[in-house]
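Take a look at the model below before reading on. The paragraphs that follow walk through it step by step.

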Amino acid sequence: QVQLVESGGGLVQAGGSLRLSCVASGSIFSINTMGWYRQGPGKRRELVATITSVGSTNSADSVKGRFTISRDNAKNTVYLQMNSLKPEDTAVYYCNGDVVLTTRSQVNCWGQGTQVTVSS
């Protein structure tokens, strides 16, 4: 009923920037909190940043000052601007959303992930 599709990943040198996008589509009435998570090689999935429907944000200490989360509610899209990338940012980045369906039921959805690789 709902799909989240990420884009914007790739290979970048340390110190570089990337912008991830995630578009939600389907039987959507509204989306509450949206967020980005990541899973590095051999690591558990971890929170990167979240943003509420009114724009309140939260981010992991490891990315504060370097990554910025934003969203466009009209487009059901969330973004992650990543600057000053480090090799330890290498991971698969996943989009997540708390979606209210047109039926008014609520579901938590994940995207398929996009690979970000930062070379030293």
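**A walk through the strands**

Start with a loop. Asn76 lies between strand 7 and strand 8. This is a predicted model. The loop belongs to a hairpin with 4 residues between the strands, and Asn76 takes a positive phi near 50 degrees there. Asn76 is not a glycine, yet its phi is positive. Most residues other than glycine have a negative phi. How buried or exposed is Asn76? Its relative accessible area is 22%, and the buried class ends under 20%, so Asn76 counts as partly exposed.

Now follow the two strands that this hairpin connects. Strand 7 and strand 8 run antiparallel and are joined by 6 bridges. One pair to find is Arg71, which stands opposite Val78 in strand 8. Strand 8 has another partner in strand 3. Strand 3 covers residues 18-26, strand 8 covers residues 77-82, and the two pair in the antiparallel sense over 6 bridges. Val23 stands opposite Thr77 in strand 8. Arg19 has Gln81 as its bridge partner in strand 8.

Put these pairings together. The sheet is open, has 4 strands in the order 1-3-8-7, and is paired antiparallel. Which strands stand at the edges? They are strand 1 (2-7) and strand 7 (67-72). Each has a single partner strand, so one side of each is left without a neighbour in the sheet. From one strand to the next, the twist averages 15 degrees. In a regular strand the side chains alternate between the two faces of the sheet. Strand 8 is largely enclosed by the rest of the structure, because 5 of its 6 residues are buried.

Continue past strand 8 into the loop that leads to strand 9. Two residues deserve a stop here. One is Ser84, in the loop between strand 8 and strand 9 (91-101). Ser84 has a positive phi near 50 degrees, although it is a residue other than glycine. Its relative accessibility is 41%, so Ser84 counts as partly exposed. The other is Leu85, found in that loop between strand 8 and strand 9. Is Leu85 buried or exposed? Leu85 is buried, with a relative accessible area of 2%. Leaving aside residues up to four places away in sequence, Leu85 touches Val12, Ala14, Gly15, Gly16, Ser17, Leu18, Arg66, Phe67 and Val118. Gly40 is 45 residues from Leu85 along the chain, and their C-alpha atoms are separated by 14 Å.

Strand 9 leads to another hairpin. Strand 9 pairs with strand 10 (residues 106-110) in the antiparallel sense, over 5 bridges. Val100 has Gln106 as its bridge partner in strand 10. This hairpin has 4 residues between the strands, and Arg104 takes a positive phi near 80 degrees in it.

Next, turn to a charged side chain. Arg38 sits in strand 4 (residues 28-39). How buried or exposed is Arg38? Its relative accessibility is 6%, so Arg38 counts as buried. What do its side-chain atoms meet? The side chains of Arg38 and Glu46 are joined by a polar contact of 2.7 Å. A polar contact of 2.9 Å links the side chain of Arg38 to that of Tyr93. The wider surroundings of Arg38, not counting residues up to four places away in sequence, include Arg44, Arg45, Val48 and Ser62. Val63, Phe67, Glu88, Asp89, Ala91 and Val92 are also among the residues that Arg38 touches.

Finally, step back to the whole chain. The protein has 0 helices and 11 strands. Its radius of gyration is 14 Å, close to the 14 Å that the globule rule gives for 120 residues, so the protein is as compact as a globular protein of that length. The C-alpha trace spans about 50 × 25 × 20 Å along its principal axes. Of the 120 residues, 42% are buried. Among contacts with a separation of 6 or more, 56% are between residues 24 or more positions apart. The accessible surface comes to about 6,200 Å², and 47% of it belongs to carbon and sulfur atoms.

How values were computed: Residues are numbered from 1 along each chain as its sequence is written. This is a predicted model: local features need pLDDT of at least 70, side-chain atom pairs count only at pLDDT 80 or more; totals for chains, interfaces and linings use all residues. Side-chain values use heavy atoms; hydrogens and water are left out. Two strands pair if DSSP finds at least two bridges between them. Axes are lines fitted to C-alpha atoms, for helices over the stretch in contact, and angles run from 0 to 180 degrees between N-to-C directions. Buried means under 20% relative accessible area, exposed over 50%, partly exposed in between (1.4 Å probe, protein chains only). A polar contact is a pair of N or O atoms within 3.5 Å; within protein, one must be able to donate a hydrogen and the other to accept it, and residues adjacent in sequence count only if both atoms are side-chain atoms. Contact means heavy atoms within 4.5 Å. The radius of gyration is taken over C-alpha atoms; the globule rule is 2.2 Å times the number of residues to the power 0.38. Accessible areas come from the Shrake-Rupley method with a 1.4 Å probe; for residues, only the protein chains shown count as cover.
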